[in-house]
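User: Could you walk me through this one? I'd like to go through the helices, then the sheets, then the aromatic rings.
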Amino acid sequence: MAEIGECSATNSSIEYWAKLIPPDKIYADIEINSDETIIYSETKSTSVEKREWCKITRNSDLNSATLQNRSSNAIIVDETLVQKDDTTFIKCGSEIISGPVRDGHLSYKFKMLSGSRICKGLKISVDVEHAKCSICLNIWHDVVTAAPCFHNFCNGCFSEWLKRSQEKHTSVLCPQCRAVVQFVGRNHYLLNIAEDILQADSSLRRSVEEIAILDSCSLIQSNLVIGSAKKRNQKRPHSVLGQEETGDLELPCPQCGTEYAGFRCNPNTVHLQCHGCGGMMPSRFDIGIPQHCLGCDRAFCGAYWQAQRLQRSDTYATCNPETLKPISGRTISRIPQLTHENNRHEQDITGRCISQMGKTLQDVISEWIVRFNNREIDRTRMPLNHAEMITAETHICNECYEKLVGFLLYWFRISTPKYLLPGDATERENCWYGYACRTQHHNEDHARKRNHVCRPTRSR
């Protein structure tokens, strides 16, 4: 174990992995080169006396450290008191004050040196020509991958190809290799690569108008199963599906074998797999029945099968209609766990605040959905996709509804006057980092003593 004082004699062969940097430049930086280091330095601005006051241990992830208080008094780490012999996590940017109060004690900023970090990312060299859609010959936009050939295209380009193929042919062929496409889905990994290429060479970017046209054509939101109604006995001649033939076919969904609400699948019908139950439904983007949650773009079949008047049975997996409903048609009786960044102390304060007002959670959410629908709320931090498109009549899934409720409860709290909060909540000071505070997730005392339902006033 090394013992480090202020700016020890420097040896060019020593690799330092971190520093403690005082804001006052009359004090030297404390450089750390051992995986376990005792810090021995000045602790008070009124004294030049040096003392042992903390131990810093490098964590195995090489991107954080553990600090132990070795002084006789408490110290402050990221606004939280750390008592004698207690430990806490620190990361690059953590502020450490060498005493129980800020006044009179030295403060340090913990900085990890870039040369000591392990790069988690993987650098990939990609020929730009290999990152182009073979339909439009531009860099992929909202890239989708076809299987089993694994060729990649723009979502809008392939969606148009898919529509034309369904109208004119019995199967969908890959535009690049002409293999029969059985599956197509969005490829988030290649989407990131395409974005990196465009950042590196802005001349490859398309115009705003071109992007808007592509987005308007994009139909692939979740994974599509294409042409899966295949005959098991290939010796029988191909014909239009008849009721007598259904015993020889793989029927992915109820409408592949039976007509419901005037619709029956054909052998080339594209199918969506429901995220909720894993069952299949035909992809029908032109009938006005929601099949995707707008908040997460995942497919759910409950609303579709309800509109088709299908009775649930054990033969096919189908969702409860409650899995995909309009926001205005939903109710809620408990505060979701993810509310206020999973801080249970803030959730408890919000619950007591609502009770003191003589309201129910549903009363509050109904009021704030009206404000949301009237666009009285800034949607910048809204944790749902297509935030600007969502209204009270939008169909979303249960998970996205809980995220929306948590978002609305944040606005409810910051809009509530202090005198309407429970007494113990009004006495707390705001955390500098507000809702973005990381310490609240692993330090119960800090999560309880500071208000985190507020905007950050300091960045890390």
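**Helices, sheets and rings**

Analyst: Let's begin with helix H6, keeping in mind that this is a predicted model. The buried residues of H6 are His345, Glu346, Gln347, Ile349, Thr350, Cys353 and Ile354.

User: And what covers those buried residues of H6?
Analyst: The cover includes five helices and a strand by name: H5 (339-342), H7 (361-373), H8 (398-415), H9 (423-426) and H10 (444-449), together with strand S21 (450-451).

User: How far apart are the end C-alpha atoms of H6?
Analyst: They are 18 Å apart, and this agrees with expectation, because the 13 residues of H6 (residues 344-356) should span 18 Å at 1.5 Å a residue.

User: What happens at the start of H6, and what comes just after the helix?
Analyst: At the start, a side-chain oxygen of Asn343 comes to within 3.0 Å of the backbone nitrogen of His345. Just after H6, Gly358 adopts a positive phi of about 75 degrees.

User: OK, H1 next. Which of its residues are buried?
Analyst: In H1, the buried residues are Asn155, Gly156, Cys157, Phe158, Ser159, Leu162 and Ser165. They pack against strands S12, S13, S14, S15 and S16, and also against helix H3 (208-217).

User: What span should H1 have?
Analyst: For the 14 residues of H1 (residues 155-168), 1.5 Å a residue gives an expected 20 Å, and the end C-alpha atoms of the helix are indeed 20 Å apart.

User: Now the sheet with S12 in it: what is the strand order?
Analyst: That is an open sheet of 6 strands, ordered S13-S12-S14-S15-S16-S17, and the pairing is antiparallel. S13 (152-154) and S17 (280-282) are the edge strands, and because each has a single partner strand, one side of each is left without a neighbour in the sheet. On average, and with direction ignored, neighbouring strands of this sheet are turned by 30 degrees against each other.

User: How many bridges does each pairing have, say S12 with S14 and S14 with S15?
Analyst: S12 (residues 143-147) and S14 (residues 183-186) pair over 4 bridges in the antiparallel sense, and Thr145 has Gly185 in S14 as its bridge partner. S14 and S15 also run antiparallel, joined by 2 bridges, with Phe183 standing opposite Val225 in S15.

User: And S15 with S16, how many bridges there?
Analyst: Strand S15 (residues 224-226) pairs with strand S16 (residues 270-273) over 3 bridges, in the antiparallel sense. Ile226 has Val270 in S16 as its bridge partner.

User: Switching to the sheet with S2 and S11, which strands stand at its edges?
Analyst: The order in that open sheet of 6 strands is S3-S2-S11-S10-S7-S8, with antiparallel pairing. The edges are S3 (30-32) and S8 (80-82), each with a single partner strand, so one side of each has no neighbour in the sheet. Neighbouring strands here are turned by 25 degrees against each other on average, direction ignored.

User: What about the pairing of S2 with S11?
Analyst: S2 (residues 18-21) and S11 (residues 107-112) pair over 4 bridges in the antiparallel sense, and Ile21 stands opposite Lys109 in S11.

User: Quick detour to Thr88: buried or exposed?
Analyst: Thr88, which is found in strand S9 (residues 87-91), is buried, because its relative accessible area is 10% and the cut-off for buried is under 20%. Leaving aside neighbours within four places in sequence, Thr88 is in contact with Ala65, Thr66, Leu67, Val77, Val82 and His442.

User: Last topic, the rings. How many aromatic pairs are there?
Analyst: A search of the whole structure finds 6. One of them is the edge-to-face pair of Tyr304 and Trp305, at 4.9 Å centre to centre with 70 degrees between the planes, and both Tyr304 and Trp305 are buried.

User: Why is the pair of Tyr410 and Tyr435 called edge-to-face?
Analyst: The ring planes of Tyr410 and Tyr435 stand at 85 degrees, with the centres 5.7 Å apart, so the pair is edge-to-face; the cut-off for that class is over 60 degrees. Tyr410 lies in helix H8 and Tyr435 in the loop between strand S20 (429-430) and H10, so the pair ties together parts that are 25 residues apart in sequence.

User: Are those two buried or exposed, and which cluster are they in?
Analyst: Tyr410 and Tyr435 are both buried, and together with Trp411 they form one aromatic cluster.

Methods:
Residues numbered from 1 in each chain as written. Predicted model: local features only at pLDDT ≥ 70, side-chain atom pairs only at ≥ 80, totals over all residues. Heavy atoms only, no water. Buried < 20%, exposed > 50% of the residue type's maximum accessible area, 1.4 Å probe, protein only. Contact = heavy atoms within 4.5 Å. Expected span 1.5 Å × (residues − 1). Polar contact = N/O pair within 3.5 Å; in protein donor to acceptor, adjacent residues only side chain to side chain. Pairing = 2+ DSSP bridges. Axes fitted to C-alpha atoms, helices over the stretch in contact; angles between N-to-C directions. Phe/Tyr/Trp six-rings, centres within 6.5 Å; stacked < 30°, edge-to-face > 60°.
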